[in-house]
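Visitor: Could you take me through one part of this model at close range? I would like to know which helices pack against each other there, and through which residues.

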Amino acid sequence: MNRHGMTRREFLRAAAALGVTATVAPLARLLAASSAADARLVASPHWLDQAGNIRFRQDGISKITGSKVFAFDIRARDMPGWPQQQAYAFMIRTTRCDRVYEGVDLSMLDDGLKPDRLVVAADLKRDGVAMPEPDFYGQLLLAEGTVPTMLGQPAALLVYHDYPRFRAAKARLHFDPAVIRWGSEGAPVERAPYGVSRFVRIGGATPYDDDVFSPMIHEGPDTDEAVAAHAKTIADLLAAPPPGQRVFERQFASQSVDPAALEPDNGTAWYDRATRTLHLVAATQAPYVVATQAMTMAKASRLGIDAFRFYPTSTVGYGQKEHSSFPYYVTMAALYGDGRPVRLALDRWEHFQSAIKRHAFWFDTQIAVDTHTGKFTALKSQMAADGGGTANFSAAVGQVAATAIQSIYYFPLNDLSVTVHASRAVTAGSMRGFGTLQSMTSMEMMVDEIAQVLGIDAIELRRRNVLHTGMKNTQGAVPAGSMRAHELLDNAAAHPLWRERDRRKKVYEAKRPGYFYGVGFACVQKDYGTGAEAAIAQIQFDAKGGIRLRHVVTEIGTGATTSQIQVVTDMLGRPAQTVEFAVVDWPELKLVSNENPYGNTQAEEDRFSKNPHWVPTLTSPASASNSAFYMSHATREAARVLFDYGIWPAAMAIWGNGSGGGQAAPLSIRREDARWVDGMLVAPSLEPLSFERIAMVAHQRGLVTGATVHTFNRWAWASARFPMGSGTYEAPIDALAVRYGGAADESTHGYTFVPRVSVDYPPTQRNKAGVVYYAPHASLVELAVNPGTGEVDLLSHHHVMDCGRMIVPAFVSGQHQGGIAMGIGHALYEELPRYEEGPGNGQWNFNRYRLPRASDVAVWRQTAQYLPPLSPSDPPKGIAEVVMIPVVAAIANGVAHATGKRFYELPLSPERIKAALA
């Protein structure tokens, strides 16, 4: 199991192998079609302002009018063809792990409130109903006679055929510990860690020379011995540093938090016993994983299915719904619904008790510094994390945390190890940040303290150690593109908040005696993508100039779908007017894949790629900040094909004879000299051409008027060559289908697959690179500390970021502000005890869990600056995760500046601050 979703091809292949007729249809399309409306979104006539910029989100009107559909909104009566009578279900969960579970006791329910169906582990065993990939997700229900492995572990499902009885029974059993029968004392089974990883690197003579040893370039049977030997070299240096070097060692702790997604886990499903068809509506960021595994789960049961219908929809989850086990509980509930659709939706208490959390982390880090130059010479960090009760993505989160801890710095030597432990806590998994928030925050807090001890300006120390273009990361890979963190450092160093911090401190504290004033700074760079990103996009235009876009991207609140509409303008001069997202059916390409982009050997991939329909993976889920860079690339490349083989030759024909008829006269005009201005294609000394006029000629001449492309990125783009026209077309895509003018304007058929002549996939060795795409972000925070209460008041904050070329600036601002608020919450307020006093006991809600409010985040006193792109072609960068990270360390460093006390555990709660100042 990796961070990717299963693809439609794999889903259909699994369905065929199971003998199941399978369908995946976006819910919005189904509901729109059922009401005789067009299932596609048609853009508003007021979509653009006079400058050609998008004025609002493509889902904006539906959001403000309350018509945007989430899974949580769906009832059986909303679904075409479903029974109107709906059942309701809820789960009983255990709240202790020190005794043997002996079943549920429903004696407190009178006869009228007994469930219509009680489902326990014995029923599942009898019927062959099991959790898919139990090593990843855990078991569906706890078996009697065993000790729970985690707090909040599901023990029983209660199904009611009507809502009033369901609601009364749930209210009666809520918070009542007597519903569980406990036997003798016991202890959970000791389990091995979910993941253990180590990254050791010995750099060359300079940051630009070849490494002596690194994960990127070394593998083989003797690798473990080499790792141990080189790690000992680093350990010896840190134990007895050479003259002029000083070793700093600190321990840090970062807490468990809840993503606090406003849509709790939920789903509605119907098992039609008459036709043996399973219908499923579920909130998920990885729809094909859910579709494949729910179908397989149902088919393997004694009940069985012959057909499966899955309806993914919009959701918001911050990673919490990427690989959640909850949709399989919805599937289980449907199988025991007695032919009725069943709604299983968590309230906020239950969501806190069971939904995926951010990992708690601990760091023991050593940094060696040359005290004369301030240069870092070695880094060693031993990391540990609590993965909770099921494995989920814990191993991957640990690996990412370890590779990210270097932050923006270059280290000639590094030994980074991480262990993610199993525990009885609520499961931790793929939450926003994916381990990097915890590790980079600890690094930024430590670097700040080193600067103070050495008497070096904290930004200056960062400047001396910043990772520049061409230097290697801790895995031995050279990051892609230009590293610009040093520009952020220069910008922050010149800001009045930093330059005047000591003067401001004196003035503030003189005006408010008893308060402490401080300014903190931090700068990080976060990777985006997973190292196996894939996308599909299709663009076509009709003879009247109408543009249609179809795309695999799904909306999870980031504005990804709106951004793709804007990306079309890069090559075609205007956005798409008709669009469809979360598209799952791509017969134009007929792609196949073994869906093992991380596991294929180079020899296997070379052999597979000889099939022009083969790709390493079909599509990626909405995750890993992947929409702006990876998804946009597919849109842009589809538009590029249209321009090169449709728009440009049509324009040349018009310019050549003034009418578009006959043969074009020779023109000494280069493709790169043309550009779009106010919707017109212009070139030096030639007549401006409207898109409508060009489109008509392209259709008349039978030029390319539609293009479907597949893209793949393994820390570099796959590229291929295709026979087009009288020559060869080479592009950073790996599959292509085109449609020629003259076909029915609105048809999505009529595409011709273009077999590639050859393809270059990034070598499988790049899987060892860790990450190479980074987005840097810096934060300056001005704050005051009340020593009497321990409370921190954010006075203002300023942020600088390199996001490449912004697609929709308003979305960047929105993501930026939201991420900063999340970071402030992690730094100051949000914390979940991990065990019996934590959310697994079912007693947690927002009455106890403190989220930041507008008054806490200096909402009207925050400023931001974005580095200008290096060139008009500078690609956008994925920023959804990085924006929340540096503000955490900046706050901690600001509190240290204010109070003179360093803190090593988050959050910086009033209790911790008061204790330090006592």
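Guide: Happy to, and we will stay mostly with one helix and its neighbours. Please keep in mind that this is a predicted model.

Our helix is α12, which spans residues 436–454. One of its partners is α13, a helix of residues 458–465. The two axes come within 8 Å and cross at roughly 110°. Angles of 65 to 115 degrees count as roughly perpendicular, so α12 and α13 are roughly perpendicular to each other. Their crossing is right-handed. If you colour the side chains, look on α12 for Glu 444, Val 447, Asp 448, Ile 450 and Ala 451, which meet Ala 458, Leu 461 and Arg 462 of α13. Sorted by class, this contact holds 5 nonpolar and 3 charged residues, with no polar ones.

Now turn to another partner of α12, the helix α23, made of residues 886–899. Here the axes lie 8 Å apart and the packing angle is about 30°. This crossing, between α12 and α23, is right-handed. From α12, the contact uses Leu 437, Thr 441, Glu 444, Met 445 and Asp 448; from α23, it uses Val 888, Ala 889, Ala 892 and Asn 893. By class, these residues divide into 5 nonpolar, 2 polar and 2 charged. Two residues of α12 are worth keeping on screen: Glu 444 and Asp 448 touch α13, and Glu 444 and Asp 448 also touch α23.

While you are at α23, follow the chain onward. The loop between α23 and α24 (910–917) contains Pro 907. The peptide bond joining Leu 906 and Pro 907 is cis, with omega about 0°.

A step back gives some context for α23. In soluble globular proteins, nonpolar side chains tend to be buried together. In this model, the largest nonpolar core has 156 residues, and Phe 308, Met 332 and Ile 891 have the most contacts inside it. A second, separate core of 72 residues includes Leu 549, Val 704, Phe 722 and Ile 733.

Since you may check backbone torsions as well, here are two residues for your list. Ala 858, in the loop between α22 (809–828) and β32 (862–866), has a positive phi near 50° although it is not a glycine. Its relative accessible area is 2%, so Ala 858 is buried. Glu 133, in the loop between α4 (121–127) and α5 (134–137), has a positive phi near 45°, again in a residue other than glycine. With 32% relative accessibility, Glu 133 counts as partly exposed.

Note on methods: Residues are numbered from 1 along each chain as its sequence is written. This is a predicted model: local features need pLDDT of at least 70, side-chain atom pairs count only at pLDDT 80 or more; totals for chains, interfaces and linings use all residues. Side-chain values use heavy atoms; hydrogens and water are left out. A nonpolar core is a set of buried Ala, Val, Leu, Ile, Met, Phe, Trp, Tyr and Cys residues joined through side-chain atoms within 4.5 Å. Buried means under 20% relative accessible area, exposed over 50%, partly exposed in between (1.4 Å probe, protein chains only). Axes are lines fitted to C-alpha atoms, for helices over the stretch in contact, and angles run from 0 to 180 degrees between N-to-C directions. Helices (H or I, at least four residues) and strands (E, at least two) are DSSP runs, numbered from the N terminus. Angles under 35 degrees count as roughly parallel, over 145 as roughly antiparallel, 65 to 115 as roughly perpendicular and the rest as oblique. A crossing is left-handed if the near helix is turned anticlockwise from the far one by less than a right angle, and right-handed if clockwise. Contact means heavy atoms within 4.5 Å. Ala, Val, Leu, Ile, Met, Phe, Trp, Tyr, Cys and Pro count as nonpolar, Asp, Glu, Lys and Arg as charged, and the others, Gly among them, as polar.
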